[in-house]
Amino acid sequence: YPLGEQELKGTLTIAGSATMARMLSTLGKDFHEVHPGVRIDVKQGGSSRGLEALKAGRCDLAAVSRHITPEQIAAIEKATGKRALVIPVGLDAVCVYVNADNPVKSLTREQLNGIFALTHNLSDTMVMRWSDIDPALPMGGAWVTLYVLDPSHGTMQEFISNVMPGERFQTSMCYQQPTPSAVVNACCAYPNAIGVSSFLAHQPRARMVPVQMSSDRPAVAPTFWTVHRGEYPMTIPLNLVALTDASGTLPPLALEWVRYLWSQSAADTVADMGGVLADPSNMPEFIRASMPKRAKSDGAAAPETPAEPKAAPEQAPAPAK
């Protein structure tokens, strides 16, 4: 990671995605070791709330774990009078979790609609018991217990858009959890649980189920490589949204922070946490242009993606303990 020319001081406040909170907090601590005068303050509460906080001037950057619409960018620019810049920093996926001992092989879009949606507009029947999915499942007639996040979370908004557009969540046996990790913890603990959470939150005692989003394509399991290549159907970007001046220039502290997020040092940290790196070829041009000239000889190029294993089956990196 190449240092800039100036000593930086101050606090950078990031609000939004709970999915990104642990990753950004960890990277913030690493950044503080490089720049002792800087504090990265990460406040989670959901992607939508992060965008609202940026629009209202309550944060410097919004963390958004989903796709961002042109209308949302236009609303921020109208409210602030500044240009809004979307900066990709990684990839994630909306995953369906079950207990590790649950042998369900895969789930279709229609089955997920029947499980999670109140009105199940894409399914012929509402799924209430595990035997409704497959009579051979050992859970038999046990109730399917749902664990979800608040709809303001980017993960849930992407799930709703893909699986139950325009619908509300089932109210029977459905429990809203405060964080992505809490959803996965419930699936670790309860044999009849099923939950929607982030790939970043994966744990050994919960299993991510392959999903089939259309009849003409096979079910795909979320793994590091299927997410990295965009093959998993509910792959989503991890973005930061920043405000610039009229010329498109970021404040020095924000610029140094996003430069760090695209460094090999940050990429190694994200990989160690079980996260999925952004494609190095997608590094924003303004970050490339901001790199000190000496970076060409000291490894400051775009971060490298780990080599894909050829003989071993695909698997995600082990989650951080």
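This passage describes a buried helix residue, the internal cavities and a nonpolar surface patch in a predicted model.

Leu 54 is found in helix 2, which spans residues 47–55, and its relative accessible area of 0% places it under the 20% limit, so that Leu 54 is classed as buried. When residues up to four places away in sequence are not counted, the contacts of Leu 54 comprise Cys 59, Asp 60, Leu 61, Ala 62, Ile 76, Thr 80, Val 241 and Leu 243. One of these partners, Val 241, is 187 residues from Leu 54 along the chain, yet the C-alpha atoms of the two residues are separated by 8.2 Å.

A search of the whole structure for cavities of 30 Å³ or more returns three, and the largest cavity holds about 120 Å³ of space. The lining of the largest cavity is made up of 13 residues, of which Val 89, Leu 261, Ala 267, Leu 277 and Ala 278 are the closest to its centre. Two or more residues are contributed to this lining by each of helix 1 (18–34), strand 4 (83–99) and helix 10 (264–272).

On the surface, a nonpolar patch is formed by Trp 143, Met 173 and Tyr 175, which together present about 270 Å² of accessible area. Within this patch, Met 173 is situated in the loop that lies between helix 6 (154–163) and strand 7 (174–177). Met 173 has a relative accessible area of 31% and is therefore partly exposed, a value that also satisfies the requirement of over 30% for membership of a patch.

Definitions and conventions
Residues are numbered from 1 along each chain as its sequence is written. This is a predicted model: local features need pLDDT of at least 70, side-chain atom pairs count only at pLDDT 80 or more; totals for chains, interfaces and linings use all residues. Side-chain values use heavy atoms; hydrogens and water are left out. Patches are made of residues with over 30% relative accessible area and no salt bridge: like charges are joined within 9 Å, nonpolar side chains (Val, Leu, Ile, Met, Phe, Trp, Tyr) within 5 Å. Accessible areas come from the Shrake-Rupley method with a 1.4 Å probe; for residues, only the protein chains shown count as cover. A salt bridge is a side-chain nitrogen of Lys or Arg within 4 Å of a carboxyl oxygen of Asp or Glu. Helices (H or I, at least four residues) and strands (E, at least two) are DSSP runs, numbered from the N terminus. Buried means under 20% relative accessible area, exposed over 50%, partly exposed in between (1.4 Å probe, protein chains only). Contact means heavy atoms within 4.5 Å. On a 1 Å grid over the protein atoms alone, a cavity is a set of points where a 1.4 Å probe fits but cannot get out, and a pocket is an open set with protein on both sides within 12 Å along at least five of seven lines; lining residues have an atom within 4 Å of a point. Grid points are joined across faces, edges and corners, and a volume is the space filled by probe spheres set on the points.
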